[in-house]
Amino acid sequence: MDLASETRAVIEFGPFRIVPHRRELLADGQPIRLGGRSFDVLMALIEGQGAVVAKETLMERVWPNRIVEENSLHFQIAALRNAFGADRDLIRTISGRGYQFTGEIRTVAASPDMQAVTRTALQAPAPPRPPTNLPEPVSELIGRDVEIDEVLGLTATQRLVTLTGAGGIGKTRLGLEVARRLLPEFADGVWIIELAPLSDPDLVPVTVATEFGLDLAGGAVSPERVANALAAKQLLLVLDNCEHLVGAAASMAEAVLRANPAARVLATSREP
Ligand SMILES: Nc1ncnc2c1ncn2[C@@H]1O[C@H](COP(=O)(O)OP(=O)(O)OP(=O)(O)O)[C@@H](O)[C@H]1O
Ligand SMILES: [Mg+2]
């Protein structure tokens with residue numbers, strides 16, 4: 001173990017502690033699960049030392065040399081506020097401009113100065129683009145900005161989000177758009193499972209297993225077995241067109257969410 005690095009600066013505010021060189025956030029000593037991008041946003045806000053950090057500055061910092069939608073930033077801010085729980089006001093929105101970190105920061109004993117440490121944390125190379133089986137859009141999406149924002153906001157706080165509505169209303173299209181925008185947030189990617197062609201509920205877990213190339217030889221392929229095989233992955237599963245297999249789709253979603261704290265599910269269905 002590198003003892004020198006273990007004694008580097010930590011940053012504290014309220015009940016929270018950040019260990020920059022380990023890219024770790026703790027609340028009352030307990031680690032909080034936080035994505036890499038959320039951590040980068042948090043560090044950039046803290047480095048602002050109470051000043052308003054412009055949206056553009058944050059986006060350039062967190063996604064250098066990449067063009068991303070502002071929604072990606074909204075998602076990260078929502079995830080951070082979620083992580084802060086009752087202290088969600090630690091990040092204040094300055095409408096039309098950016099965000100401000102309102103916490104009172106204490107830097108705790110360290111030999112190297114904190115700025116050097118935080119710079120190191122921020123200069124970690126950007127992770128590669130996560131894998132996905134999402135199709136490229138074949139036509140331009142019309143409107144839906146409000147709905148996209150709303151669903152992105154929901155996915156930041158809810159682990160299972162279901163889009164319901166009449167046939168042809170645009171659930172799949174909206175789900176795919178949201179899923180594409182969320183791709184950078186899931187290290188193991190975003191995976192769409194097309195349920196429309198399936199008639200047998202037992203085929204739901206089989207289809208998921210096939211899509212991920214899981215080797216589940218021997219015994220029945222249950223939602224639990226598939227979920228356990230995916231338990232370590234940080235992924236978003238999109239279950240599209242669940243209406244005719246609502247029970248099987250719900251079992252699959254529940255199994256994945258139960259086995260895997262980092263997983264999220266986005267479903268579309270004509271039936272709630
Ligand atoms: N906002 C949009 N902009 C452009 N095209 C759209 C939009 N929303 C839906 N469409 C198109 O309308 C058609 C129906 O949409 P979609 O398949 O998303 O509906 P759905 O609600 O999933 O229907 P179903 O219940 O039958 O699965 C598709 O061809 C889709 O590309
Ligand atoms: Mg659909």
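A residue counts as near a molecule if one of its heavy atoms lies within 4 Å of it. With that in hand, here are some close-up views of this predicted model.

**View 1. Residues around ligand 1.** Let's start with the surroundings of ligand 1, which is ringed by 14 residues. Ile 142, Gly 168, Lys 171, Asn 241 and Arg 270 are the closest of them. By type, the shell around ligand 1 holds 4 nonpolar, 5 polar and 5 charged residues.

**View 2. Polar contacts of ligand 1.** Look here for oxygen atoms of the ligand. The side chain of Thr 172 brings an N or O atom to 2.8 Å from an oxygen atom of ligand 1. Arg 173 offers a backbone N or O atom, also 2.8 Å from a ligand oxygen, while a polar backbone atom of Ile 169 is 3.2 Å from an oxygen atom of ligand 1. On its own, ligand 1 would expose 630 Å², and the protein buries 68% of that.

**View 3. An open sheet of 4 strands.** Follow the strands in the order E9-E12-E11-E10, which pair in parallel. Strand E9 (160–164) and strand E10 (190–194) are the edges; each has a single partner strand, so one side of each has no neighbour in the sheet. On average, neighbouring strands are turned by 15 degrees against each other, direction ignored.

**View 4. Strands E11 and E12, with two helices.** E11 (residues 236–240) and E12 (residues 264–269) pair in the parallel sense over 4 bridges. Leu 237 has Val 265 in E12 as its bridge partner. Helix H6 (residues 145–157) packs on the sheet and touches E9 and E12. Helix H7 (residues 171–182) also packs there, touching E9, E10, E11 and E12, and its direction makes about 165 degrees with that of E12.

Technical notes:
Residues numbered from 1 in each chain as written. Chains lettered and ligands numbered in written order. Predicted model: local features only at pLDDT ≥ 70, side-chain atom pairs only at ≥ 80, totals over all residues. Heavy atoms only, no water. Pairing = 2+ DSSP bridges. Axes fitted to C-alpha atoms, helices over the stretch in contact; angles between N-to-C directions. Contact = heavy atoms within 4.5 Å. Polar contact = N/O pair within 3.5 Å; in protein donor to acceptor, adjacent residues only side chain to side chain. Areas by Shrake-Rupley, 256 points an atom, 1.4 Å probe, with all protein chains shown as cover. Nonpolar A, V, L, I, M, F, W, Y, C, P; charged D, E, K, R; others polar.
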